[in-house]
Amino acid sequence: MLLAAEAPPAPEAPPHTGGLLLLIDGTAGLLTVAVLGIVLLLVLIIKVRLQPFVALLGVSIAVGLAAGLSVTELFGTVQKSAAVSMIESGMGGILGHVAIIIGLGTMLGAILEVSGGAEVLSTRLLNLFGEKRAPLAMGVTGVVFGIPVFFDVGIFVLAPIVYAAAKRSGKSILLYAMPLLAGLSMTHAFLPPHPGPVAAAGLFDVDLGWVILMGVVVGVPAVLAAWVYAAWIGKRLFVDVPQDMVEAAAEAKSAVAAEQKASGVTPSERPVALGTVLAIIGTPLLLILLATFSSIALDPSTIRSVVEFFGHPFVALTIALFLAYYLLGIRRGWSRQSLETVSTASLKPVGNILLVVGAGGVFGAVLKGSGIADALADTFNDVGLPVIVLAWLISVVLRVAQGSATVAIVTTAGIVVPLVEGQSMSQPHLALIIMAISAGSIFASHVNDGGFWMVAKYFGISERDTLKSWTVLETVLSVAGFVVAALLSLVI
């Protein structure tokens, strides 16, 4: 019997050489394209006042073409083929995860807001810490709640507490949002069970215990530095609670009151119990935390599958939403019509958020697909710097170039691991290198980062003020974390 001849290996895709690269080739050309693209995007949004979704989509296409990407790479083909549209994959890649969380988290937040649950929690926090330390209360909340949940989940679940605190005090929402965001960002970057540090620990073969320990040692001073900046900028930039969120909540409250009056239902006048609010918010956090640690501590089994099912963010948030429906709604005299009214009203401001976040994913995908990040990382590879400094710089470049913190951590770890092999570095020292990589991964969140647009749109901050507050906050967190890790590496 004759054996079929093996098919020849598919030829490697040629490097991108079109667009602006015809004039400036190599890394210099790619860097030029990236800088021009980001500058153009900032001008269109801040100066021209073009709608961010339109600006992001248009600049993404322009950057792709300037970097030599083909029309097929950008848009796919009209007929079915193996070609993958970079724009569609960029949009779908981020919205496939974020859209469901935004929807569930927004509805959960609306029930907390309309029922008075968010007000009860914010009041208790303000009473516990005092009015002057209310921003600190938000920061501590961000750190504690950020350990088991992803950054975006934390925003959507905890945002109503920020709204309530800002409305009660009459001060800038930045004063309360920025400390909360700093806590969420620190835990996402530095601490397991978040995917970036966990993946880096696996690549460096470092015990998670050392990563957790160094994450705390490095992360706490970093978040304290970020809180100092948050307090400073919160007193200098006034941003009101976003009107669309206020209007949605007011509309929902009015609709519920009118519906209850028409049906003759007398709603409960007792304030919501703090324990009930904590149980609703804490349930998804506990489920997600259990699922994360079960994937580390348990071998594949039925029990692990069950825990991971209930601990998936989609399922955990759905359970929390149903708990809120019953404990804050039905048990307190709400009808099913009222619950539906509140849920629907809360989703009205979400469309713009989803489109902008998705377009940010497109921009990041185009920057990555053009080869900008890889070219810059290869250049840094040959620079004669201490490994921990090099690790931070590579991570910074990857972060600024393509936007995703997790991608920056994993990619940088893959580049740095060969540099430390054979150097007999201790586990604590390797964990500090991971911390430097993690610190670099949150540097200067800007327009190609989905988190930038989540923060801007969910808290009603203009793009200019988001750059002044959130982008600088992330930079402070990054630099402070790196400095602590670098200093510790001198003695460990």
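**Salt bridges, a pocket and a nonpolar patch**

Let's start with Glu463, which has a relative accessibility of 7% and so counts as buried. Keep in mind that what you are looking at is a predicted model. Glu463 has a partner: it forms a salt bridge with Lys457, and the closest N and O atoms of the two are 3.1 Å apart. Is Lys457 buried or exposed? With a relative accessible area of 17%, Lys457 is buried, because the cut-off for that word is under 20%.

How many salt bridges turn up if you search the whole structure? The answer is four. Another one to click on joins Glu474 and Arg399, whose side chains meet with an N to O distance of 3.4 Å. Glu474 sits in helix α22 (residues 463–489) and Arg399 in helix α18 (residues 387–402), so this pair ties together parts of the chain that are 75 residues apart in sequence. Both ends are well covered by the protein: Glu474 is buried at a relative accessible area of 2%, and Arg399 is buried too, at 3%. The story doesn't stop with two residues, since Arg399 and Glu474 are linked with Asp449 in a network of salt bridges.

Now swing over to helix α13 (residues 302–311), where Arg304 and Glu308 lie four residues apart, about one turn of the helix. Their side chains meet in a salt bridge, at 3.0 Å from N to O. Here the two partners fall into separate classes. Arg304 has 18% relative accessibility, so it counts as buried. Glu308 comes out at 28%, so it counts as partly exposed; the reason is that buried means under 20% and exposed means over 50%, with partly exposed in between.

Next, the empty space. Rolling a probe the size of a water molecule over the atoms shows where such space is left. In this model, the largest pocket holds about 770 Å³. Which residues are closest to its centre? Out of 30 lining residues, they are Ile94, Ser404, Ala405, Asp449 and Gly450. Many helices chip in: those giving two or more residues to the lining are α4 (86–115), α7 (151–169), α8 (174–190), α16 (350–369), α18, α19 (405–420), α21 (450–458) and α22. You have met some of these names already, as α18 carries Arg399 and α22 carries Glu474. Asp449, one of the residues closest to the pocket centre, is also the third name in the salt-bridge network. As for chemistry, the lining divides into 10 nonpolar, 15 polar and five charged residues.

Stay on helix α22 for a moment, because Val479 lies there too. Unlike the buried Glu474, Val479 is partly exposed, with a relative accessible area of 34%. What sits 8.0 Å from Val479, C-alpha to C-alpha? That would be Ala222, even though the two are 257 residues apart in sequence.

Last stop: the surface. Leu31, Val35, Val39, Val43, Val48, Leu50 and Val54 make a nonpolar patch of about 530 Å². Which helix gives the most to that patch? It is α1 (residues 26–47), with four residues. Leu31 is a handy one to pick out, as it lies in helix α1. At a relative accessible area of 40%, Leu31 is partly exposed, so it clears the patch requirement of over 30%.

Terms used: Residues numbered from 1 in each chain as written. Predicted model: local features only at pLDDT ≥ 70, side-chain atom pairs only at ≥ 80, totals over all residues. Heavy atoms only, no water. Patch = residues over 30% accessible without salt bridge, like charges linked within 9 Å, V, L, I, M, F, W, Y side chains within 5 Å. Areas by Shrake-Rupley, 256 points an atom, 1.4 Å probe, with all protein chains shown as cover. Buried < 20%, exposed > 50% of the residue type's maximum accessible area, 1.4 Å probe, protein only. 1 Å grid on protein atoms, 1.4 Å probe; cavity = no way out; pocket = protein on both sides within 12 Å on 5 of 7 lines; lining within 4 Å. Points joined across faces, edges and corners; volume = space filled by probe spheres on them. Nonpolar A, V, L, I, M, F, W, Y, C, P; charged D, E, K, R; others polar.
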